[in-house]
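Subject: The structure we talked about

Hi,

Here is the structure I promised to pass on to you. Have a look at it first, and then read on for what turned up.

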Amino acid sequence: MYDFMEYCLRRYYRASGWNEENQYSNLCAWSRSMLDFTVPHGISLVMSKLPSQVFKPSYTIDALPSLNGSMGYLYTSRPLDVDTSATVDFRETLNSIRSSKPLTKYRPENTQDYLVYGRMFLPGGNLEAVYSRRLSETTQYIITAFNDPRKQGASLIGMQLQRDVGRHCTEFSYTTDDGLLGLRGLYNFGHDRFANGQWSAGAELYYGILDKSGGFSTGLRYQTLPASSVPPISVTYTLNPIVGHMSTAYVAQVSDELVLCSRFEFSIYSYESDLAVGFEWRSAHNAMAKMKLAEDVKSVEQHAAETGHIVVSDVMEESDGVTKLEGLVKARFGLAQGVALMWEGRFKNLLFSLGITGDLSNRTNPIRSVGLELQYFA
C-alpha cells in the first residue's frame with residue numbers, strides 16, 4: 001500500500017496527464033508489485049491532513065522496534081482531489097497491477113505544473129526532497145535530494161529529464177554520489193496490429209564518471225490492453241549482459257479476485273538461479289454486501305408498494321457496517337527472499353497493512369518480522 005505522500009504523488013501525475021507507467025524503469029512494475037512488496041516492520045502510524053487541495057502535511061510515528069518518526073509536507077500547483085481515508089477509492093491506494101493506458105498524446109490544461117515535497121526523519125534529522133516541474137505537454141524534469149547531517153559528504157542529488165510522446169519515452173538521469181549518467185528508452189509497438197495487447201521494448205545505458213565503469217540492460221514486455229476481451233496478462237524478459245543476469249516474469253489475472261505471478265532469475269556466469277511465486281487475492285466481500293444491500297432495498301420497495309408501509313430492515317443496517325471492510329491479501333515465496341504474507345485493507349476510517357516475513361529454512365526461528373501500519377487522513 002502506498003503511504004499518503006506516494007498516493008498524492010500519483011494523484012498529481014494523473015491530474016497533470018503524465019503516464020508514469022510508460023517508462024523503462026516501470027517495465028516490470030506488475031511483477032515487482034506482486035513479488036517485491038514491502039512488508040511493515042514493527043508498528044507505525046501515519047496521520048495526514050487535508051487542509052486544502054494544494055497543500056498536504058503528513059506525520060509518521062514508528063513505535064516498534066524503536067521510537068522514531070518523520071514529518072513531511074507536499075505542495076502542488078494543480079489542485080488534487082484527495083478523499084479521506086474513510087472514503088478514498090481503496091484500489092488507488094494499492095501498489096497493485098494496473099492495465100496499460102492506450103497510446104494517447106497528452107494535452108494538460110497547464111503545461112507548467114509543479115510539485116514540491118520535503119520530509120524530515122527524526123531523531124536523526126535526515127532530509128529528503130522532491131521537486132517535479134512540467135516543461136511542456138510531453139516533457140518534465142524531477143530533482144531529488146537526500147542529506148544525512150551525521151555523515152560528512154552524505155548528501156545526494158539526483159536529476160531526471162523525461163520525455164513521453166505516447167509511442168515512446170526517453171529518460172536522462174544523473175546522480176552526484178558517484179557521478180552516474182543514465183539513459184533509458186522505451187518504445188511501444190504492435191498496438192494497431194494486435195488488438196488484444198501491446199509490445200514494448202526498451203534499454204538502459206549508464207556510466208559512472210568517478211569509477212569509469214558502465215552498464216547496459218534491455219527488456220521486452222507483452223501486456224494486454226484495457227479494451228481487450230482477454231484477462232490482464234503481462235510477460236516480461238530483461239537481460240543485463242555485462243553482469244550476466246537475466247529475468248523472466250509472468251503475471252495473469254485468472255479471475256476477478258485472484259492474480260498469479262511467477263519469476264525466474266538466472267546468472268549466466270555463476271549459474272545461480274532464483275524462483276519466486278506469488279498471488280494476490282482481492283476480497284469480494286464488499287461487493288457481495290452491496291449486492292445484498294441492493295436486494296434488501298428492492299425487497300423493501302416492493303413491500304412498501306404492496307402494503308403502503310415502509311419497513312427498515314435489520315440486515316440493511318448491518319450491511320452498512322460490513323461494507324466498511326475492504327481487503328487485499330498478498331503472498332510470495334522465493335528461494336532467496338523467503339516467505340512473505342500481507343493483508344491490506346480498510347476498517348471504518350483507517351487503512352491498514354498487516355504483514356509477516358519468514359525463512360522456512362531456519363527451523364529454530366522461521367519468523368523474521370511482523371509489522372502493522374495504520375494510515376489516517378482527513
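Let me start with the contacts: of those in the protein between residues at least 6 apart in sequence, 49% join residues at least 24 apart. Please keep in mind that this is a predicted model. The protein has 4 helices and 19 strands. Of its 378 residues, 37% are buried. The accessible surface comes to about 20,300 Å², and carbon and sulfur atoms account for 61% of that.

Now to the interior. In soluble globular proteins, nonpolar side chains tend to be buried together. Here the largest nonpolar core holds 21 residues, and F4, L74, V82 and L351 are the ones with the most contacts inside it. Both α1 and β4 supply at least two residues of this core, and the largest share, 6 residues, comes from α1. L351 is a good place to zoom in: leaving aside neighbours within four places in sequence, its contacts include M1, S85, V88 and F90. Further along the chain, L351 also touches L374, Q375 and F377, among others. There is a second, separate core as well, made of 8 residues, with W30, M34, V251 and V259 among them.

Next, the charged pairs. The structure holds 13 salt bridges. One of them pairs D3 with R119, with the closest N and O atoms 3.8 Å apart. This pair links distant parts of the chain, since D3 sits in the segment before α1 (4-16) and R119 in strand β4 (residues 114-122), 116 residues apart. Which of the two partners are buried? Both D3 and R119 are.

Another salt bridge brings together the side chains of E204 and R184, at 3.1 Å from N to O. E204 belongs to strand β10 (residues 197-208) and R184 to strand β9 (residues 180-189), so the bridge ties together parts that are 20 residues apart in sequence. With a relative accessible area of 18%, E204 counts as buried, because the limit for that is under 20%.

R263 and E265 also meet through their side chains in a salt bridge, at 3.8 Å from N to O. R263 is buried, with a relative accessible area of 9%. Besides these pairs, R11, R14 and E92 are joined into one network by salt bridges that share partners.

Finally, the aromatic rings. A pair of rings is described by the distance of the centres and the angle of the planes. The count comes to 10 aromatic pairs. How are the rings of Y187 and F189 arranged, stacked or edge-to-face? Their centres are 6.3 Å apart and their planes are at 15°, so the pair is stacked; the angle allowed for this is under 30 degrees. Y187 is partly exposed, with a relative accessible area of 42%, and F189 is partly exposed too, at 32%.

Elsewhere, ring pairs link F55, Y59 and Y73 into a cluster. One ring also has a charge for company: the charged end of R332 sits over the ring of F37, 4.8 Å from the ring centre.

If you open the model, you could begin with L351 and its contacts, F90 and F377 among them, and then turn to the salt bridge between D3 and R119.

Happy browsing, and best wishes

Key: Residues numbered from 1 in each chain as written. Predicted model: local features only at pLDDT ≥ 70, side-chain atom pairs only at ≥ 80, totals over all residues. Heavy atoms only, no water. Phe/Tyr/Trp six-rings, centres within 6.5 Å; stacked < 30°, edge-to-face > 60°. Buried < 20%, exposed > 50% of the residue type's maximum accessible area, 1.4 Å probe, protein only. Lys NZ or Arg CZ within 6 Å of the ring centre and 35° of its normal. Contact = heavy atoms within 4.5 Å. Areas by Shrake-Rupley, 256 points an atom, 1.4 Å probe, with all protein chains shown as cover. Salt bridge = Lys/Arg side-chain N within 4 Å of Asp/Glu carboxyl O. Core = buried A, V, L, I, M, F, W, Y, C linked by side-chain atoms within 4.5 Å.
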